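Grab a pencil and work through a few exercises on the structure shown below. Try each task yourself before you read its solution.

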Amino acid sequence: SICHVARAMGLQTVAERVESAEVLEALAGLGVAYAQGFYLAEPRPLSDFSLGRAHRPVVRRPAPGRPLG
């Protein structure tokens with residue numbers, strides 16, 4: 001899979017359009033490093049962010065054997 005190729009190259013993967021906990025859990029099982037989508041945060045207008053201090057939620061996959069949280 002692309003996750004295996006990325007790891008072999010020393011790269012991390014990002015999943016887009018994550019819309020449920022089940023999908024996020026499956027992606028973690030596949031080794032996807034980061035995710036983005038409506039399940040994690042809905043799009044917001046740029047005016048909601050202060051210049052240079054935008055909050056960008058990042059979800060890292062859990063260590064093996066640990067739950068997503």
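The exercises below go from the overall layout to single residues, and the model you are looking at is a predicted one.

**Exercise 1. Find out how many helices and strands the chain has, and in which order they come.**

Step 1: Count the elements. You should get 2 helices and 3 strands.

Step 2: Now walk along from the N terminus. The order reads α-β-α-β-β.

Step 3: Add the overall numbers. The chain has 69 residues, and 22% of them count as buried. About 5,700 Å² is exposed, with carbon and sulfur atoms supplying 57% of that.

Step 4: Look at the contacts between residues at least 6 apart in sequence. Of these, 34% join residues at least 24 apart.

**Exercise 2. Work out which residues form the largest nonpolar core, and what surrounds Ala-15.**

Step 1: Collect the core members. There are 7: Cys-3, Ala-15, Val-18, Leu-24, Leu-27, Val-32 and Ala-35. This fits a general habit: in soluble globular proteins, nonpolar side chains tend to be buried together.

Step 2: Zoom in on Ala-15, skipping its neighbours within four places in sequence. Its contacts are Leu-27, Val-32, Tyr-34, Ala-35 and Gln-36.

Step 3: Check Ala-35, which sits in strand E2, residues 34–35. Its relative accessible area is 12%, and the cut-off for buried is under 20%, so Ala-35 is buried.

Step 4: Pair Ala-35 with Val-18. They are 17 residues apart in sequence, yet 6.7 Å separates their C-alpha atoms in space.

**Exercise 3. Decide which residues of helix H2 are buried, and where they lie around its axis.**

Step 1: Pick out the buried ones in H2: Leu-24, Leu-27 and Ala-28.

Step 2: These three cover an arc of only 100 degrees around the axis, so they are on the same side of H2. The general rule behind this is that an α-helix has 3.6 residues a turn, so residues three or four places apart point the same way.

Step 3: Turn to the face pointing away from that buried side. The exposed residues Glu-22, Gly-29 and Leu-30 are found there.

Step 4: Check both ends. Ala-21 belongs to H2, which covers residues 21–30, and Ala-21 is partly exposed at 35% relative accessible area. Its C-alpha is 7.2 Å from that of Tyr-39, although their positions lie 18 residues apart in sequence. After H2 comes Gly-31, with a positive phi near 95 degrees.

**Exercise 4. Thr-13 and Arg-17 both sit in loops; say for each whether it is buried or exposed.**

Step 1: Place Thr-13. You'll find it in the loop between H1 and strand E1. Its relative accessibility is 12%, so Thr-13 counts as buried.

Step 2: See what Thr-13 touches, leaving out residues up to four places away in sequence. The list includes Ile-2, Cys-3, Gly-31 and Tyr-34.

Step 3: Place Arg-17, in the loop between E1 and H2. With 69% relative accessibility, Arg-17 counts as exposed.

Step 4: Look at the backbone of Arg-17. Its phi is positive, near 65 degrees, and this residue isn't glycine. In general, most residues other than glycine have a negative phi.

**Exercise 5. Find out which residues make the nonpolar surface patch of about 420 Å².**

Step 1: Name the members: Ile-2, Val-5, Met-9 and Leu-11.

Step 2: Take Ile-2 as an example. Ile-2 is in helix H1, residues 2–8, and counts as exposed at 61% relative accessibility.

How values were computed:
Residues numbered from 1 in each chain as written. Predicted model: local features only at pLDDT ≥ 70, side-chain atom pairs only at ≥ 80, totals over all residues. Heavy atoms only, no water. Core = buried A, V, L, I, M, F, W, Y, C linked by side-chain atoms within 4.5 Å. Buried < 20%, exposed > 50% of the residue type's maximum accessible area, 1.4 Å probe, protein only. Contact = heavy atoms within 4.5 Å. Helix = DSSP H or I, 4+ residues; strand = E, 2+ residues; numbered from the N terminus. Areas by Shrake-Rupley, 256 points an atom, 1.4 Å probe, with all protein chains shown as cover. Patch = residues over 30% accessible without salt bridge, like charges linked within 9 Å, V, L, I, M, F, W, Y side chains within 5 Å. Salt bridge = Lys/Arg side-chain N within 4 Å of Asp/Glu carboxyl O. Arc of directions from axis to C-beta.
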